[in-house]
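Subject: Structure handover

Dear colleague,

I am passing on the structure below, and my notes on what was found in it follow directly after. Please read them alongside the coordinates.

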Amino acid sequence: MSRHKIAILVGSLRKDSINRKIARSICAMEKERLDCLIVELGDLPLYNQEYDGSLDEPESYRRFRDEIAAADGVLFVTPEYNRGMPGVLKNAIDVGSRPYGHSVWNRKPAAIVSASPGGIGGFGANHQVRQSAVFLNMPVMQHPEAYLGRVGDDSFGKDGLLADGPLKDLVRSIAEAFADWVTLIEKSK
């Protein structure tokens, strides 16, 4: 059984966000096949092309790019803000794509999970991330799609992981499919 290093980008900066809890749950469910690292985004200054190739480039840019480059795959787990992806996530995507010709995203298998207390489960954010991933040449898992609606603090146990029930079962199927997806893409390289 293949084991893969997975970089997880959580679109919420809040320590106890439901999306961070979903990310941790996915890692716990597939810990035999996925070695997960939640890559922190909050310390990334806004992308500025003037930093490209500059000695003044922020250290956090280098740290972020190195963590993504070392990963076999990328899992995006995000809320939706105003029908779109959070700015912190878009900024991270931009930082990783530069300088031009040196994108750390190229050919990294990816999956996108969006979760929200609302009914449509972050559909808009999910598709904005998907658009960026397609441009960045990331093969994105197509099925199962993961728009998790009506997720709240009561969806999790005291350990911060998903509680038993239909949501946990759905997320387990997503986690298994993603592990299979990364294996498939890695074999095709």
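The largest cavity encloses about 30 Å³ of space, and a search of the whole structure finds 1 cavity of 30 Å³ or more. Please bear in mind throughout that this is a predicted model. The residues that line the largest cavity are Val10, Ser12, Leu13, Arg20, Ile38, Val39, Glu40, Leu41 and Gly42, and by class this lining is made up of 5 nonpolar, 2 polar and 2 charged residues.

Turning to open space, the largest pocket has a volume of about 270 Å³. It is lined by 14 residues, of which Ser97, Tyr100, Ser103, Phe135 and Leu136 are the closest to its centre. Helix H3 (87-97) and helix H4 (123-135) each contribute at least two residues to the lining of this pocket, with H3 giving the most, namely 4 residues. In terms of chemistry, the lining of the largest pocket divides into 4 nonpolar, 7 polar and 3 charged residues.

As for the packing, the largest nonpolar core has 28 residues, and those that touch the most other members are Ile8, Ile22, Leu75, Val113, Leu148 and Phe178. Strand S1 (4-10), helix H1 (18-29), strand S3 (73-78), strand S4 (110-115) and helix H5 (166-188) each supply at least two residues of this core, and the largest share, 7 residues, comes from H5. If you would like one residue from which to explore this region, Leu148 is in contact with Ile22, Val113, Ser114, Ala115, Ser116, Gly121, Leu167, Leu170, Val171 and Ile174, once its neighbours within four places in sequence are left aside. There is also a second, separate core, which has 27 residues and includes Ala7, Val74, Phe76 and Ala110.

Finally, a search of the whole structure finds 1 disulfide, which is formed by Cys27 and Cys36, with their sulfur atoms 2.4 Å apart. The torsion about the S-S bond of Cys27 and Cys36 is about -110 degrees, and the disulfide is therefore left-handed. Are these two cysteines buried or partly exposed? Cys27 has a relative accessibility of 14% and so counts as buried, the cut-off for that class being under 20%, whereas Cys36, at 24% relative accessibility, counts as partly exposed.

With best regards

Technical notes
Residues are numbered from 1 along each chain as its sequence is written. This is a predicted model: local features need pLDDT of at least 70, side-chain atom pairs count only at pLDDT 80 or more; totals for chains, interfaces and linings use all residues. Side-chain values use heavy atoms; hydrogens and water are left out. A disulfide is a pair of cysteine sulfur atoms within 2.5 Å. Buried means under 20% relative accessible area, exposed over 50%, partly exposed in between (1.4 Å probe, protein chains only). On a 1 Å grid over the protein atoms alone, a cavity is a set of points where a 1.4 Å probe fits but cannot get out, and a pocket is an open set with protein on both sides within 12 Å along at least five of seven lines; lining residues have an atom within 4 Å of a point. Grid points are joined across faces, edges and corners, and a volume is the space filled by probe spheres set on the points. Ala, Val, Leu, Ile, Met, Phe, Trp, Tyr, Cys and Pro count as nonpolar, Asp, Glu, Lys and Arg as charged, and the others, Gly among them, as polar. A nonpolar core is a set of buried Ala, Val, Leu, Ile, Met, Phe, Trp, Tyr and Cys residues joined through side-chain atoms within 4.5 Å. Contact means heavy atoms within 4.5 Å.
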